[in-house]
Amino acid sequence: MALSDIRAGLRNEEAIATAVSAFRQVFGDRFQTGEAIRAQHAHTTTYIPAQLSDGVLFAQGKEDVVTAVRLCAEHKVPIIPFGTGSSLEGQINAPFGGISIDFSRMNKVLEVNAEDLDCTVEPGITREELNTYLRDTGLFFPIDPGANASIGGMASTRASGTNAVRYGTMKDNVLAVTVVTAKGEEIRTARRARKSSAGYDLTRLYVGSEGTLGVLTSITLRLQGIPEVIAGGICGFPTLKAACDAVIMTIQLGIPVARIELVNALQIKACNAYSGLTLPEQPTLFVEFHGSAETVALQSQQFGEVASECGGGDFQWTSDADERARLWKARHNVYWAAKALRAGAAVLATDVCVPISRLADCVAETETDIEQHGLLAPIVGHAGDGNFHVSVVFDDKDPAEIEKVEAFVARLNARALSMDGTCTGEHGIGQGKQGFLPRELGAAVDVMRQIKLALDPDNILNPGKIFRLG
């Protein structure tokens, strides 16, 4: 990532002005052009500068989306989908200007098929809203990226999170989508059947496309039964490598953990201060098991034995819901805890993912890199699938610090790629990681460009994200 890579594109001022006028006429006060609202819809939680759209449409249904896309297609004006704004790589910026479509009012559960363990929702519903709705059915949606993200945003960035080691990522849990193409036509990519050999897998083409191929209007999701018992706990380790070794052994032995999160000593210090915890400041694993009382007890015992073999302390686990919620709340607040380590500082949150067998090496080398270059950068990770995050705390007004941080991110990504990993396990490419994608996938990026041009020849769908066309 480099700020020099975040460039504004050419704006078609006449077309944008015409489109803005048309949106006002069609949508009335559901279309807003005030600077404050436009700024809110370009917000990023990184140091990537905001690039504002020219107006924000608060869509109320799929008909609004179809009409909006057709208007933008007519005038060749960009469209930028907006869920909750929790993206980390500039996915919601408008480098070419255009119209932001806010999906917060499209937050309905359209259908629940409890017998088939699936549901269909509008893209603006958040994961917490969905699970509150599902509670009385005995089912839940397991993907938990930490932030209370919208389901549409999670599908668009192929999100994963803390439960991915057991339940998979969004690509594993989306059965079908309806999407509005660049021509303004709504299509459905699949039916609700659990498997199909009917043509191209368009569902997985759109899941992870970051809004560059179409605008989602509904998502059909795989659901799970709420476990009879959920037990979780923590275990400290003398070194980061020892903690990673325990993760690797746990996965290789097939112990069915639902979550296994790695938190390094600096992040524990930050969590203690921010969330009022009193944990020992050492590398720590947060672990959770789902199942019956008997299976959860057995799995907890097995993990405790693994932890002990790797030099860990006592595995303290509990099935008390309030205690578990307190620990996971602290885990989900790691961004804000890291930010509080230095008053007035910014945070660049970045992630990589490597094969599980290389996790210990990659994390250990990264921590050494941080120490050698005098950075303030806590580490956390969805360690069960080799994915970890670094939150670099720095002064985003100091060019020297920016240069140091950008150099670190480049080394981190090169390290992950050298271990046959990826430059992003779940944040996506957006604007911030475009420079690393060709190094990871080579000529495959040209195939992606061909797909983009075939489906969006006028480049109106979230342009400037994932890669540049020119």
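## Two loops with positive phi

Let's start with Glu 210, which sits in the loop between helix H8 (202-206) and strand E10 (215-222). This is a predicted model, and in it the phi of Glu 210 comes out near 55 degrees, a positive value in a residue other than glycine. That's worth a look, because most residues other than glycine have a negative phi. Glu 210 is also buried, at 6% relative accessibility.

Leu 117 tells a related story: phi is positive here too, at about 55 degrees, and again the residue is not a glycine. You'll find Leu 117 in the loop between strand E5 (109-113) and strand E6 (118-121). With a relative accessibility of 33%, Leu 117 counts as partly exposed, while Glu 210 counts as buried.

## Aromatic pairs and a Phe cluster

Now for the rings. The structure holds seven aromatic pairs. One of them joins Phe 23 and Phe 27, whose ring centres are 5.4 Å apart with 35 degrees between the planes. Is that pair stacked, tilted or edge-to-face? It's tilted, because stacked needs planes under 30 degrees apart and edge-to-face needs over 60.

How are the two residues placed along the chain? Both belong to helix H1 (residues 13-27), and since they are four residues apart there, about one helical turn separates them. Both are buried as well: Phe 23 has a relative accessible area of 0%, and Phe 27 has one of 5%. The grouping also takes in Phe 31, which forms one aromatic cluster with Phe 23 and Phe 27.

## Cysteines without disulfides

How many disulfides turn up in a search of the whole structure? Zero. Take Cys 235: the nearest cysteine sulfur belongs to Cys 310 and lies 9.4 Å away. A disulfide needs the two sulfur atoms within 2.5 Å, so Cys 235 is in none. As for its surroundings, Cys 235 is buried, with a relative accessible area of 0%.

Cys 271 is in no disulfide either. For Cys 271, the nearest cysteine sulfur is that of Cys 235, and the distance is 17 Å. Is Cys 271 buried or exposed? Buried, with a relative accessibility of 3%; the cut-off for that label is under 20%.

Definitions and conventions. Residues are numbered from 1 along each chain as its sequence is written. This is a predicted model: local features need pLDDT of at least 70, side-chain atom pairs count only at pLDDT 80 or more; totals for chains, interfaces and linings use all residues. Side-chain values use heavy atoms; hydrogens and water are left out. Buried means under 20% relative accessible area, exposed over 50%, partly exposed in between (1.4 Å probe, protein chains only). Rings of Phe, Tyr and Trp (its six-membered ring) pair if their centres lie within 6.5 Å; planes under 30 degrees apart count as stacked, over 60 as edge-to-face and the rest as tilted.
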